[in-house]
Amino acid sequence: MHIKLKNLKRDYGTLHAVQDVTLDIPSNTIYGIIGRSGAGKSTLVRLVSMLERPDSGEVYYDDERVDNLEGKALIQRRRRIGMIFQNFNLFSSRNAAGNIAYPMEICGMDRVHISKRVEELLSLVGLQGRGSAPISTLSGGQKQRVAIARALACNPDILFCDEATSALDPQTTRSILALIKELQAKMNLTVVMITHQMEVVRDACERVAVIDSGRIVEEGTVSDIFANPKSEVTKDFISNLTNVKDSIVRWSDEEGRFTLRFRGNTTDSPIISNVSIETGATFNIRAAGVQEVSGEDIGVMVVDIGPDEKSVRAAVEMLRKYGVSVEGEV
Amino acid sequence: MDAQLISQVMEATGETLIMVLFSTVFSLVLGLPIGVLLHITGKEESGGIIPSPVFNNVLSRIVNVLRSFPFIILLIVLIPLSRVIVGTSIGTKAAIVPLSIAAAPFVARIIESALKEVDPGVLQAAKAMGSTNWQLVYKVLLPEAMPALISGLTLTIINLIGYSAMAGTIGGGGLGDLAIRYGYQRFRPSYLVAAVIIILIMVEIIQVAGDMIVKKMMSKR
C-alpha cells in the first residue's frame, strides 16, 4: 500500500508540530522517519495513522483519502492497519494470546477461527506455546513480539512502528528489526518506522525522511543519505552513530577537519592516492572505517588535508569529482 | 445470652444485609454509567475517549452537590421519592432508596478514579486498532481497571454498612438501629456490644474478601 501525504499541517496552539509535510511512501518497503524528540515525528505518525486529524492537508492510502474519514468508515479503515509502540501498550488484563485475539474480537471474528489464528501468529513471531503467559512475565523483546503479532492479526497492509525499539537494548532491537524485516517481506507490508535512532534506519530501512521542526529536511534512499547527508540534523545523526559504533577506528583524538564518505564502487579504487599524486595534497588520516548501510558498504574517513590551502581546495574538488562526499570547511 | 437478644440481633443482621446488598447493587447501577461518563468525557490527555468539557463539567458539579449532602438529611428529603418507588416511606425497603442515591455519586467518583489509572497508551493502541467507543469501554477500560474497581466496590460496601446504621431514622431497622434503640436508649449494653461485633465482623469479611479477589487478579497479570 502506497502512502501519500500532501501538505500536512498540525498546530497545537502556537506550536507548529507539523508544517507542510509532503511525502511519498512507496508500497512494500520499510520507510524510516527520523527526527530528534520534539521534531514532530510523533504528531506526524498520529496524522498518518488516522489517530489525529490534520489542520490542513491530505493523507492517501493508495488512492483512498483517509484523513477525513468519520464514524464507521474511520473505524473500518483503522482495522486494516497495524501499529506498534515504544511502550508496547499491551492489555494487562489479557494474557499474550488474549492480546493477539483482541483486534479479531472487535471485528466480530468467530472464536474457533480466532484461536487458530492466534496460534499461527504466536509461532510467526517466535512465541509458540507462550499464549497463556501473563504480560508482566514477558521480557521487553517478547512484549514487542506480542504487540507485532497483535498488529498483524487482521492482515493489515500497513504497519506503523512508533519508536518501537527505543525501549529495548541493542541486541533485542536487532532481533525485533530482523523480525519486522522478515514479516515485511512475507506479508508485503508497507512499514513506516518512526525513530530517533539512526542505527534503526541503517539496519532496517530502505528509504528515510529526516524531520526537523515539523518539516522534512531531507528524503531519499538510506544509502544516499548516509553517503551524502545534506542537512545539519542528518549529519548530526550520522556522526553520533559513528561515535557510538565501533566500526570506525579512531587513532587520534584530535578532530579531523574533513569527513569523507565513499560509497559502492568508490570504495574499491585508490582515490586518496590518486588525488594525492595529482594535486600534491597530503592526507593525514585520523579515523576510518566501513559501515554497512542497507546492504551497501560506505567507507568513512576523517582526515586533515595539507600542506596549504591551495592544495586543499584542489584535493576537495577532485575528491568530489570521484564521487566522494566531502564534509568540512574548505 | 437471652433468646430475645439472639432473635432480635439475627433479625437486625438480616435487615442490614438486605439494605447493604440492594443498595450496593442499585448504587452500582446508577453510579457505574455516571463514573464511566465522567471519565470518557474528560480531557484526552487523561484518557478521555469523547472529550466534551461542558457536559463533563455539568455532570461533575451535579455529582459534587449530591456528595456534599449529609446522609441524614438525604434520608428525610427523599421520603417522597421512596414512597413513589417502593410504595412506602418507612421500613427496610424504603431505606434502600436513599442509601442507593447517597452511594451512587460516591461510586461514580470511585469508578472515575479507577478508570483514570488505565494507561492512556493502551487506550490509544486499542483505538488505533479500530475499536468503537463502546468496545473501548467494556473490552479495554473496565477490564484493565478491574482490580481498582473491586477495591472501590469493597470501599462502597463498607461505607454502605456505615450509612445503613442511620436507617433507623425512618424505621429501616438493621444493626445500627438496634444498637441505638436498645443498647443506648434502653441501657442494654449487651445489644450494643452484639450489634457492634457483628458489624465489625461484616466489615472485616468484606475487606478480606475484596483484598483476596484483587490479589488473585493481580497475580494473573
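**Questions about a predicted two-chain model**

Modeller: Chain A has an open sheet of six strands in the order E6-E7-E8-E3-E9-E10, with mixed pairing. The model is predicted.

Biologist: What makes E6(A) and E10(A) edge strands?

Modeller: Strand E6 (81-85) and strand E10 (215-221) of chain A each have a single partner strand, so one side of each has no neighbour in the sheet. From one strand to the next, the twist averages 15°.

Biologist: How do you know that E6(A) and E7(A) pair, and in which sense?

Modeller: Two strands count as paired if at least two bridges are found between them. E6(A) and strand E7 (residues 158-162) of chain A share five bridges, in the parallel sense, so the condition is met. Within this pair, Phe85(A) stands opposite Asp162(A) in E7(A).

Biologist: Why is Asp162(A) called buried?

Modeller: The cut-off is 20 or more other C-beta atoms within 10 Å. Asp162(A), in strand E7 of chain A, has 26 C-beta neighbours inside 10 Å, and therefore counts as buried.

Biologist: Which residues is Asp162(A) in contact with, leaving aside its neighbours within four places in sequence?

Modeller: They are Ser42(A), Val45(A), Met83(A), Phe85(A), Gln86(A) and Ile194(A). Gln86(A) is 76 residues away from Asp162(A) along the chain, yet their C-alpha atoms are separated by 6.2 Å.

Biologist: Turning to the other chain, what makes up chain B in terms of helices and strands?

Modeller: Chain B has 10 helices and zero strands. Its C-alpha trace spans about 65 × 40 × 25 Å along the principal axes. Of its 221 residues, 41% count as buried. Among contacts in chain B with a separation of 6 or more, 69% come from residues 24 or more positions apart.

Biologist: Which residues of helix H7 of chain B are buried, and how do you know that they lie on the same side?

Modeller: In H7(B), residues 133-144, the buried ones are Leu136(B), Val140(B), Leu141(B) and Glu144(B). Around the axis they cover an arc of only 85°, so they are on the same side of H7(B). These buried residues pack against helix H5 (92-116) and helix H6 (120-128) of chain B. Trp134(B) and Tyr138(B), both exposed, are on the face of H7(B) turned away from its buried side.

Biologist: How do you know that H1(B) and H10(B) pack, and at what angle?

Modeller: Two packed helices are described by the angle between their axes and the distance between the axes. For helix H1 (residues 3-40) and helix H10 (residues 189-219) of chain B, the angle is about 40° and the axes are 11 Å apart. The crossing is right-handed. H1(B) contributes Leu5(B), Val9(B), Ala12(B) and Thr13(B) to the contact, and H10(B) contributes Ser190(B), Tyr191(B), Ala194(B), Ala195(B) and Ile198(B).

Biologist: What makes up the contact of H1(B) with H10(B) by class?

Modeller: By class there are seven nonpolar, two polar and no charged residues. Tyr counts as nonpolar in this scheme, so Tyr191(B) belongs with the nonpolar residues of the contact.

Biologist: How many residues are in contact between chain A and chain B?

Modeller: In chain A, 19 residues are in contact with 18 residues of chain B. Helix H2 (71-78), E6 and helix H3 (96-106) of chain A are the elements that give two or more residues to this side of chain A. That side has 10 nonpolar, seven polar and two charged residues.

Notes:
Residues numbered from 1 in each chain as written. Chains lettered and ligands numbered in written order. Predicted model: local features only at pLDDT ≥ 70, side-chain atom pairs only at ≥ 80, totals over all residues. Buried ≥ 20, exposed ≤ 12 C-beta atoms within 10 Å, placed from the backbone. Helix = DSSP H or I, 4+ residues; strand = E, 2+ residues; numbered from the N terminus. Arc of directions from axis to C-beta. Contact = placed C-beta atoms within 7 Å. Axes fitted to C-alpha atoms, helices over the stretch in contact; angles between N-to-C directions. Left-handed = near helix turned anticlockwise from the far one by under 90°.
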